[in-house]
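Trainee: Could we go through this structure together? I would like to see how the descriptive terms are earned.
Mentor: Happily, let's look.
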Amino acid sequence: SVKANGRNGLQLFQEEMAQRSMQHFTLEAALRNAIDNHELEVHYQPKVDVKTGAICSSEALLRWTHPELGHVSPAKFIPLAEENGLIESIDQWVMNQVCQQLKQWQTQGIAVTTAINVSPISLRHRNLVKEVKDLLNHYDIQPELLQLEITESAFIDDIEGVATQLKTLNDFGVTVALDDFGTGYSSLSYLALLPINELKIDGSFIQNIPDCKNSDMLFKAITGMAKNLKLKVVVEGVETQRQLDYVKQLGCDVVQGYLTGRPSTASVLEAALLKQNALETV
Ligand code: C2E
Ligand code: MG
Ligand code: MG
Ligand code: MG
């Protein structure tokens, strides 16, 4: 019987729960100190023009290396930070780092529009218009060099307020990308309500392409719609030449994936951009 093991099902369950909340607590405590302990670093992944093969922009992706836990995936700590409110200071820190980097690149003659991911929580709580304008002013950066990637989310209850903030920033020159398109439920209404310049098709769509008929049909429907709406189409998660050929044939504008460049340090992207600049001036 269960009793013979010395622990019954309930006890096991309680132990597991305690262990899980302990892990949760440890991770949360660690994350609280991550900024102060300099454990966070912004990496950059190139976004590549499908027609020319040149790097046309980049996305800032946060990396966390804890001395004991090692690398912790954003897929793990971002949702945690969204639960406990830390996301606001994290997003703020990233935005500041990116602007600092853009300034440094500017002095080297490198102009690469860089996107930052803005959590729906940050969108709702922070005065993004003032923060972004202050930062761009402070570092003396063209607004066109900054892009905001937003996702549809149940967190946003005040969609009109968010739309107003984004419109103001958009008029100012900051572009907006709708991230992970196709994975949520309110994508189409977001397209109507928000000032979106760029549509990023979620990586899950390209995964089964071109072999899966359904994925193929969905992909074509999304790109067709995006074109009609005059949106720039970015395909995330492109890993193979076959996938690249497919999106090229469909007339997608930009790819972002391991095939054309993994997320890496600022200096790696910088080297690639300097090389590209040198080739262009030959
Ligand atoms: P995302 O914004 O959709 O970012 C794209 C994710 O796809 C990144 O995962 C990137 O490393 C990964 N990726 C890029 N190319 C490929 C590919 O060819 N194949 C595959 N399998 N994956 C690819 P990452 O860096 O782990 O970030 C996960 C998510 O965490 C991001 O998804 C974003 O939602 C969030 N995130 C990352 N940094 C930040 C940040 O600074 N602030 C906020 N609020 N969220 C962030
Ligand atoms: Mg993104
Ligand atoms: Mg995405
Ligand atoms: Mg995402």
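Trainee: At what angle do the axes of helix α3 and helix α5 cross?
Mentor: In this predicted model, the axes of α3 (residues 87–107) and α5 (residues 128–139) cross at roughly 30 degrees and come within 9 Å.

Trainee: Why are α3 and α5 called roughly parallel to each other?
Mentor: Angles under 35 degrees count as roughly parallel. The α3 and α5 axes cross at roughly 30 degrees, so the two helices are roughly parallel to each other. Their crossing is right-handed.

Trainee: Which residues make the contact?
Mentor: From α3 come Gln92, Met95, Asn96, Cys99, Gln100 and Lys103, and from α5 come Leu128, Glu131, Val132, Leu135 and Tyr139. Sorted by class, the contact has six nonpolar, three polar and two charged residues.

Trainee: Now the metal site. What makes Asp179, Asp180 and Glu236 donors of the magnesium ion (ligand 3)?
Mentor: A donor atom has to lie within 2.8 Å of this metal. The OD atoms of Asp179 and Asp180 and the OE atoms of Glu236 lie 2.0 to 2.4 Å from the magnesium ion (ligand 3), so they qualify as donors. Along the chain, the donors follow the spacing D-D-x55-E.

Trainee: Which magnesium ions does aspartate 179 bridge?
Mentor: Aspartate 179 bridges ligand 3 and ligand 2, two magnesium ions 4.1 Å apart. Aspartate 179 sits in strand β6 (residues 175–181) and glutamate 236 in strand β8 (residues 232–236), so distant parts of the chain, 57 residues apart, are linked by the pair.

Trainee: Are aspartate 179 and glutamate 236 buried or exposed?
Mentor: Both aspartate 179 and glutamate 236 are buried, which means under 20% relative accessible area.

Terms used
Residues are numbered from 1 along each chain as its sequence is written. Chains are lettered from A and ligands numbered from 1 in the order in which they are written. This is a predicted model: local features need pLDDT of at least 70, side-chain atom pairs count only at pLDDT 80 or more; totals for chains, interfaces and linings use all residues. Side-chain values use heavy atoms; hydrogens and water are left out. Axes are lines fitted to C-alpha atoms, for helices over the stretch in contact, and angles run from 0 to 180 degrees between N-to-C directions. Helices (H or I, at least four residues) and strands (E, at least two) are DSSP runs, numbered from the N terminus. Angles under 35 degrees count as roughly parallel, over 145 as roughly antiparallel, 65 to 115 as roughly perpendicular and the rest as oblique. A crossing is left-handed if the near helix is turned anticlockwise from the far one by less than a right angle, and right-handed if clockwise. Contact means heavy atoms within 4.5 Å. Ala, Val, Leu, Ile, Met, Phe, Trp, Tyr, Cys and Pro count as nonpolar, Asp, Glu, Lys and Arg as charged, and the others, Gly among them, as polar. Donors are N, O and S atoms within 2.8 Å of the metal (3.2 Å for Na, K and Ca); water is not among the atoms, so sites may look incomplete. Buried means under 20% relative accessible area, exposed over 50%, partly exposed in between (1.4 Å probe, protein chains only).
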